Amino acid sequence: EYERTWWKEAVMYQIYPMSFCDSNGDGIGDLNGIRSKLDYLKGLGVDVLWLSPIYDSPNDDNGYDIRDYQKIHPDYGTMEDFDCLLEEAHARGMRLIMDMVLNHTSDEHAWFQAALSDPSSKYKDYYIWRKGKGDGVPPNNWRSFFSEPAWNYYPQTGEWALHLFSRKQMDLNWENPELREEIYGMLNWWMQKGVDGFRLDVINLISKFDGLPDGEEAGGITGMEHYVYGPRLHQYLQEMNRRVFSRYDSYTVGEGCGLGAATQVSMTLNSRKELNTTFCFSHFDTPGHDKYSIYRYDLNYLKEYLLDTQAVQDTDNWLTLVFDNHDNPRFLSKITRKETEREPAAKLMALLEMTLCGTAFLYEGQELGMCHVEFRDSSEFRDVEAVNYYKKLLSEGKTEQEAFSIVAPGTRDQSRAPMQWTAGENAGFTTGTPWLRLNDNYTAINAEAEEKEENSVLNFYRRAIALRKQYKTLVYGSFEPVCRERKDFFGYVRRDEEGTFYVELNLSCGELKRPVKKSGALLLGSYGNIQETLRPYEANLYRLD
Ligand code: ISL
Ligand code: CA
């Protein structure tokens, strides 16, 4: 029996503030824009909002480079605007969690600036400094996530400072107890303000292996094995839990990279008192592909991943269900790029996510079936990762056209394109010039149109979410695969004292003969009715008893 808790049942919704809704016409989404959409979110069935970083930042990595943890970026509004948003979310019975970037700060953060201006100050040790191996030679061969060396040289200190992400995102030295105290103080400050928890950015990177030895190259990044699961990670997480999370009715989800599902589970065991949940992204691409690949995602792979992970589940830990975020092209567009298949595939993903065990995460626009953007040229890229990768490809001898066509399908700008609210100018996102190009298809795909269309993706999400709330069996019940070996078919029963439910999914874009027929009442079907054979990507939920 699982212990029942609000955050296990909750539907979480990630907002990318820059792209959600602009209230003042400067082309950038903001807090008042989010506030104006709270009824929309409530109507969808969202329980918890997660805001990607809204702190003061030079926005080298769109806010994942924090300059001041306790200040709101003026583009997004003021602290009063934030308090107002929080209050109005709470008034609607919704909670709000903050995105916290604790592995690194901006190089413009006061701590880093103090380290540079006075290398003898205590702040220098808040970061990771080493002497070079020789003149102009960095301390080791690590390369960052964004196509650059992982070290910057600073004449002020005569040393190199580590950055695993952009050259403006300096890694913090978690070995320093004073730094850890500052972080816990800051987290407590946000909790006391009334936020409901945190999404913790690349939290698995905070402990580095002693000696920072040279590393191996893997997928363009060098050195990962020396920090993805460092020796003091569990110690720091336990300390943070003791000093912050355990003091409140809070929720935490750890984001990370480079770890398998099993290791991630080790951070979420109830008995260890670290994090409530973590994300696992290993199903985001099928083997042999990455986010830049254009291919038809084979949903049989997702089925195997889900069979494995649903089975890993036991009463001592809890999973997350996540398919989209701001770092990846839209999952829907990996499954299909055919407009005729878009709606059925989007509905399949909706039904799947709302009928499995785990905390469900939606990413803005997922509920509308938003899809890939046709960028015109590299001047439209805004993402630091994409811009650096594009430059790297040029330096390796690719032509502009070649480099563009490699980066465009996978740039993180794909999922960051502004929300499509209406068919009107700029999709109702802004009255000004959007900071990143909109998808041209907003005249057809937008929230206003989908509200009115009874069988839209949006209304399907609403119904699927409502059923998850009505029948907690879909959250907590046992998971029993049906005809598990049948390719292109995914069927499972969810069962407990309160009821028995059956889900059947056609994982293919063709017609599929039902391997088994169960008699029950159709609660929700992506085609609205049942036929002899399953239609492309058909997804049905039945009540069996
Ligand atoms: O998008 C990725 C690279 O292609 C991922 O590896 C990503 O960098 C990783 O999951 C960590 O992401 C998080 O931290 C980054 C930030 O750029 C991402 O937006 C954030 O989600 C650094 O703070
Ligand atoms: Ca704005």
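Visitor: What makes Leu41, Val46, Leu49, Trp50 and Leu362 residues that Tyr13 touches?

Guide: In this predicted model, Tyr13 touches those five on the criterion that C-beta atoms, placed from the backbone, lie within 7 Å. Residues up to four places away in sequence are not counted.

Visitor: Which residues have the most contacts inside the largest nonpolar core?

Guide: Tyr13 is one of them, along with Met12, Leu49, Tyr127, Met349 and Leu351. The core has 150 residues, and its largest share, eight residues, comes from α11.

Visitor: Where does helix α11 lie?

Guide: Helix α11, residues 339-354, lies across β20, β22 and β24, at about 35 degrees to β24.

Visitor: How do you know that β18 and β19 pair?

Guide: Pairing takes at least two bridges between two strands. β18 and β19 have five, in the antiparallel sense, so they count as a pair. Tyr492 in β19 is the bridge partner of Pro481.

Visitor: Why are β18 and β22 said to stand at the edges?

Guide: The open sheet has the order β18-β19-β20-β24-β22, with antiparallel pairing. β18 (478-482) and β22 (521-525) each have a single partner strand, so one side of each lacks a neighbour in the sheet. The twist averages 25 degrees from one strand to the next.

Visitor: What makes five residues of the shell around ligand 1 charged?

Guide: Asp, Glu, Lys and Arg count as charged. The residues around ligand 1 include Asp61, Asp201, Glu255, Asp327 and Glu385, so these are the five charged residues, beside six nonpolar and one polar.

Conventions. Residues numbered from 1 in each chain as written. Chains lettered and ligands numbered in written order. Predicted model: local features only at pLDDT ≥ 70, side-chain atom pairs only at ≥ 80, totals over all residues. Helix = DSSP H or I, 4+ residues; strand = E, 2+ residues; numbered from the N terminus. Axes fitted to C-alpha atoms, helices over the stretch in contact; angles between N-to-C directions. Contact = placed C-beta atoms within 7 Å. Core = buried A, V, L, I, M, F, W, Y, C linked by C-beta atoms within 7 Å. Buried ≥ 20, exposed ≤ 12 C-beta atoms within 10 Å, placed from the backbone. Near = placed C-beta within 6 Å.
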